[in-house]
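Welcome, and please open your viewer. This tour goes from whole chains to single residues, one selection at a time.

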Amino acid sequence: MLRLPEFELLSPTTVSEVTALLAEHGEDALLLAGGTDLLPNMKHELFTPRVVISLGAVEGLRRSRVEPDGTLVIGAMTPLDTLAHDEEVRSRAPALAQAAGLVAGPQLRRMGTLGGNVMLDTRCQWYNQSYFWRSALGFCMKKDGTVCHVVEGGSKCVAAASNDTAPPLMTLGAELVFADANGERRVPIADLWLSDGIYNKRSKGELLVSVRIPPQHAGQRGAYGKLRERGSIDFPLFGIAVRFDVEDETIVDAAAAVVSLQARPLALKKFDAAFRGVPTSGSAFEDALATAADLAYKQCRPMANVPGDEDWRREMAPVYLRRTVRAALDGTGPVHHV
Amino acid sequence: MAARDLHGPNAPWGDGFRVIGKANPKIDGLAKATGRAVYADDIALPGMLHVKFLRSPHPHAKIRGVDTSRALALPGVHAVLTGRDLPIKYGVIPWTPDENALATDKVRFIGDEVAAVAAIDEDTANAAVKLIEADYEPLAHFLDPEEALRTPEPQIHEQTAEERAKRHKGNVSKRVALDFGDTDQGLADADVVVEGDYSFHGTTHTAIEPHCAVADVGADGLLTVWSSTQITHYVHRALARVLELPASRIRVIQPHLGGAFGGKSDPFALEFVVAKLAAITGRPCKCLWTREEVFYAHRGRHPMRMHYTTGAMRDGRLTAVDAKILIDGGSYSSFGLVTTYYSGQLLTGPYDFPAYRYDSTRVFTNKPPCGPKRGHGSVQPRFAFEVQLDQVATKLGIDPIEIRRKNFQGSATKTINGQRITSNGFAQCLDAIETASDWRKKRGKLPAGRGIGCAGSMYISGTNYPVYPNDMPQAGIQLKVDRSGLVMVFTGGNDIGQGSNSLVRDIVAEELGMDPGDVRVTAADTDLCPVDLGAYSSRVTFMVGNATIDAARKLRSQIVGAVAAEWDVDAKRVRMGYGEVFDEADRERRITTQEAFQIAEVRCDTLGSTGSYNTPELGGDYRGGTIGASPAYSFTAHAVEVEVDQETGRIEVLDCWIAHDAGRALNPMLVAGQMEGSAYMGIAEALLEHHFVNRFGLHAGPSLLDYRIPTAVDTPELHALIVESLDPEGPYGAKEAGEGPLHPSIPAIANAVYDATGVWLTDLPFTPGKVLRALRAKRRAGTLDPVAVSEKELR
């Protein structure tokens with residue numbers, strides 16, 4: 001078995017203890033939520049933190065609540081499996097519940113957390129490998145090396161955002177609550193991402209405390225579609241979340257976001273324009289759907305960053321868009337092959 | 001073959017089977033289910049050191065030097081080995097000893113073992129490995145078998161002058177070209193000829209237990225090695241050779257094993273290394289490979305590029321089959337000599353081939369070495385041929401099941417390449433899948449995107465070719481009787497999860513009329529058990545089963561004879577059954593088995609018996625004619641129903657019906673388990689798995705995340721339909737069940753996809769992207785014949 005590198009494990013019990021430890025240890029420290037991604041990455045020597053701060057005993061991070069205005073606040077340490085089955089989440093954020101229910105496999109969903117999935121490291125077939133493997137390759141710019149093996153001669157890391165929960169949170173306009181020693185701040189999730197596969201988030205040295213999903217339209221319909229080879233375990237080869245706000249069977253607002261293409265999750269441009277004011281069925285709807293599928297094909301350009309046939313992944317973008325849109329409107333998501 | 005080797009298919013006593021034929025629980029089922037079973041990695045000895053390997057980061061390089069001084073200086077490090085410490089080459093096939101436990105002069109793939117460290121714990125050993133400085137001179141490397149075949153320099157393995165003369169120009173590992181009957185005439189006479197290319201991509205075993213070995217040298221100098229091997233005997237022989245020790249000073253024990261599938265058949269570097277390090281350090285040494293290291297050790301299914309030509313008459317009768325096969329062997333020979341033969345030898349049933357020719361060439365490439373995987377050597381050619389047979393049927397407008405019936409070779413016959421066929425239940429297998437799958441209502445009649453297909457196959461129940469030539473028994477059994485009423489069975493056979501220990505228990509219980517709970521088994525311990533050639537080539541049920549019957553009947557005659565003398569009756573009247581020994585003429589006269597054992601011990605002295613099995617003379621009268629010559633062949637037919645998503649290209653296998661002629665199912669639960677497990681594995685190889693080495697010579701994803709074996713939700717409904725042909729020479733008529741049922745699963749899927757979409761898939765694996773491209777090509781071709789192979793017009 002691969003061994004974990006040596007580290008010091010700290011188990012604070014309050015958010016302020018965590019932020020104090022983060023301030024104290026800076027870049028030497030990493031946060032441990034469910035550990036389902038961090039621990040394999042440490043075994044691969046992608047991370048060798050001197051200090052690991054476990055969040056398992058921190059009070060309050062698993063708590064969720066609905067505020068009087070209808071805002072749903074989900075503690076960052078909420079296990080994905082809990083999220084997938086939570087009635088409030090299923091009704092207020094159906095695509096998020098569906099996405100959470102498709103992360104990895106059952107055991108990993110019981111350990112893995114929403115916060116961990118949002119803050120997931122980007123993934124690449126040239127990066128998520130053992131130290132020996134990467135040394136035989138000569139490393140890559142994301143870790144220990146200087147070159148890119150996805151885009152030869154490329155100057156920017158294109159490791160892929162692979163978090164299933166990111167697209168639904170983007171379509172829902174979620175806000176992330178971060179804490180550091182100076183207090184809390186709120187960041188709209190769309191503003192979190194950077195187009196840099198080495199580290200794709202505008203947040204460092206902070207603790208993600210909770211995720212806030214603002215009140216949604218009463219006629220919200222949502223779904224998540226996930227492309228992967230197996231019916232379980234695998235990271236997405238492509239993921240798409242859609243949200244429609246429907247009044248009298250007419251779409252009054254729409255959003256879609258995708259993941260597993262490049263360093264950041266992407267909001268699909270002009271998706272809203274394609275559907276706004278369109279009825280939920282009939283020829284106008286079919287035209288809008290075709291337009292949106294074309295948009296997806298144009299905007300979604302998978303690269304050979306995660307394992308899998310990138311040409312097929314690109315072909316699947318419009319297919320999964322169509323299926324996920326229909327599933328959202330029919331209330332039949334998620335879109336998944338098993 | 002001696003008379004002792006033939007026991008007939010019937011129950012030992014007149015009133016039918018009591019134990020055999022029942023779904024008896026596995027002997028180790030509870031221990032495994034409750035976590036009590038001890039695997040190699042569970043062994044922890046006082047003072048034990050941990051061993052880690054340094055591996056080559058180059059696909060092909062000369063080793064200029066290895067400096068271990070910094071590693072040795074690290075506190076906690078007890079010893080460091082390099083190739084110089086284990087210079088003797090070995091190989092599981094004695095004719096091709098081309099492996100070193102640690103590379104001596106060059107490395108041949110990324111992951112090749114270069115040095116090893118023994119240290120007080122794994123972390124120290126890992127840290128020491130990073131301190132070893134190996135100096136390499138990289139060489140040109142070959143990843144493509146065709147390039148390796150046509151390029152003479154550099155040679156991946158240095159050749160002797162004699163080999164140079166034989167091996168043509170390139171990096172050839174083995175070539176076999178054999179010709180039976182007049183193939184050219186057969187093709188010329190045919191009404192239809194289909195010619196095409198087929199390719200198999202390469203897959204690996206993914207046993208859930210990684211390889212592990214523990215070694216200890218006792219105060220008396222005796223070396224004991226516990227290893228997760230499926231062939232204790234060959235490990236024993238190889239250790240003696242490489243360590244230059246008499247085999248009598250070495251004991252090899254196989255603990256519980258977490259799956260093998262052929263991947264634990266070779267002697268592996270870690271076994272030699274832990275043994276050598278235990279000898280040097282005076283401490284027990286353990287090595288557990290990581291999953292990544294298991295992918296480098298590999299020995300999985302060879303990639304093959306296959307060109308087949310099949311001729312048939314208008315009525316579907318085959319006239320000739322011609323095959324040319326390029327086999328990508330990876331960096332070492334392993335079982336490659338046998339693989340090369342098997343790629344041609346094992347295709348000549350269940351159909352009658354009037355003429356057959358094959359030309360198979362295995363080449364070396366700078367990739368992890370290939371070897372035997374469940375259905376060794378014959379799964380890939382079977383895929384090519386069974387798809388081509390469907391293409392022939394399509395050309396002729398004959399139903400796929402019918403064309404297979406038409407060419408069925410029958411039982412008690414001989415194949416074109418001289419293999420003796422005894423029992424043959426293939427026709428019943430076809431009947432079984434036809435009925436169970438509702439074939440006639442489905443074939444050609446399912447809605448678009450949905451289809452049903454079939455395929456057939458045959459496989460060996462062991463062969464008469466032991467990897468080292470000798471005339472000693474291939475399987476041996478010893479029985480020891482205890483006064484408590486217990487019978488101990490000692491078998492060299494390796495229980496690798498297939499249930500061989502349960503099998504010998506059940507046979508002894510059947511023969512002695514005992515409760516299986518009163519029979520215990522000690523297996524795969526070279527000090528305690530008679531030699532068995534191990535768990536490979538599907539030989540165990542047939543050979544070990546027969547040896548067990550032999551031993552049990554000898555013991556039985558002692559006990560029955562003693563009791564008959566005690567009672568002063570004819571021995572024919574004394575019967576063992578229901579845990580008792582009784583007089584058949586006077587049922588009131590009965591004693592417990594334990595009492596009978598004690599009577600026999602008084603009269604016969606300490607009780608015990610031995611049994612063994614050897615194959616009869618078999619095989620064709622030509623060089624290589626004994627390779628693939630089996631005392632009995634199993635036969636299989638599959639039908640699979642698939643749904644092809646025309647938008648995503650994804651193939652979903654809905655149902656798989658597996659009809660397998662196992663001769664007699666000694667334990668139908670275990671036979672069905674093997675059938676389902678085989679089909680699962682074949683479907684996985686068709687749709688998901690790919691042992692892919694990338695452009696740098698690196699395994700693309702050496703982990704269970706990236707090497708995708710199906711999960712429970714990816715597995716279709718599997719229907720095991722057991723066919724029992726009662727083989728005249730098998731134990732109670734039994735034949736193999738562990739490997740044969742894999743073969744048809746891959747071509748049956750391709751043939752079902754044709755029924756669903758009109759597209760022939762000939763290039764494995766059948767990924768959704770490839771399916772979509774094939775569907776697009778078909779749409780572009782419009783009404784053109786979708787058979788993408790050249791062919792003669794129907795005359």
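How many helices and strands does the secondary structure of chain B come to? Select chain B and colour by secondary structure: the total is 20 helices and 29 strands, where helices (H or I, at least four residues) and strands (E, at least two) are DSSP runs numbered from the N terminus.

Before going further, note that this is a predicted model, in which local features need pLDDT of at least 70 and side-chain atom pairs count only at pLDDT 80 or more, while totals for chains, interfaces and linings use all residues. Residues are numbered from 1 along each chain as its sequence is written, chains are lettered from A and ligands numbered from 1 in the order in which they are written, and side-chain values use heavy atoms, with hydrogens and water left out.

**Stop 1: chain B as a whole**

Zoom out on chain B. Its C-alpha atoms fill a box of roughly 85 × 75 × 50 Å along the principal axes. The radius of gyration, taken over C-alpha atoms, is compared here with a globule rule of 2.2 Å times the number of residues to the power 0.38. A compact globule of 795 residues would come out near 28 Å, and chain B agrees with its 27 Å. Of those 795 residues, 65% count as buried, meaning under 20% relative accessible area (exposed is over 50%, partly exposed in between; 1.4 Å probe, protein chains only).

Contact means heavy atoms within 4.5 Å. Among the contacts in chain B with a separation of 6 or more, 80% link residues 24 or more positions apart.

**Stop 2: a three-stranded sheet in chain B**

Now select residues 574-592 of chain B, from the start of β22 to the end of β24. Here is an open sheet of three strands in the order β22-β23-β24, with antiparallel pairing; two strands pair if DSSP finds at least two bridges between them. β22 (574-577) and β24 (586-592) of chain B are at the edges with a single partner strand each, so one side of each has no neighbour in the sheet.

Focus on β23 (residues 580-583) of chain B, which is joined to β24(B) by four bridges. These two strands form a hairpin with two residues between them. Show the side chain of B:F582 and look opposite, where B:R590 stands in β24(B).

Next, add residues 593-604 of chain B, which are helix α17. This helix lies across β22, β23 and β24 of chain B and runs at about 75° to β24(B); axes are lines fitted to C-alpha atoms, for helices over the stretch in contact, and angles run from 0 to 180 degrees between N-to-C directions.

**Stop 3: chain A**

Switch to chain A, with twelve helices and twelve strands. Of its 338 residues, 57% count as buried.

**Stop 4: the nonpolar cores**

A nonpolar core is a set of buried Ala, Val, Leu, Ile, Met, Phe, Trp, Tyr and Cys residues joined through side-chain atoms within 4.5 Å. Select A:F244, A:F271 and A:F275, which have the most contacts inside the largest core, one of 142 residues. Helix α12 (residues 310-330) of chain A gives the most to this core, with ten residues.

Which residues touch A:F271? Leaving aside neighbours within four places in sequence, its contacts include A:V242, A:F244, A:L295, A:L321 and A:V325.

Finish with B:V489, B:A535, B:A552 and B:I559, which belong to a second, separate core of 47 residues.
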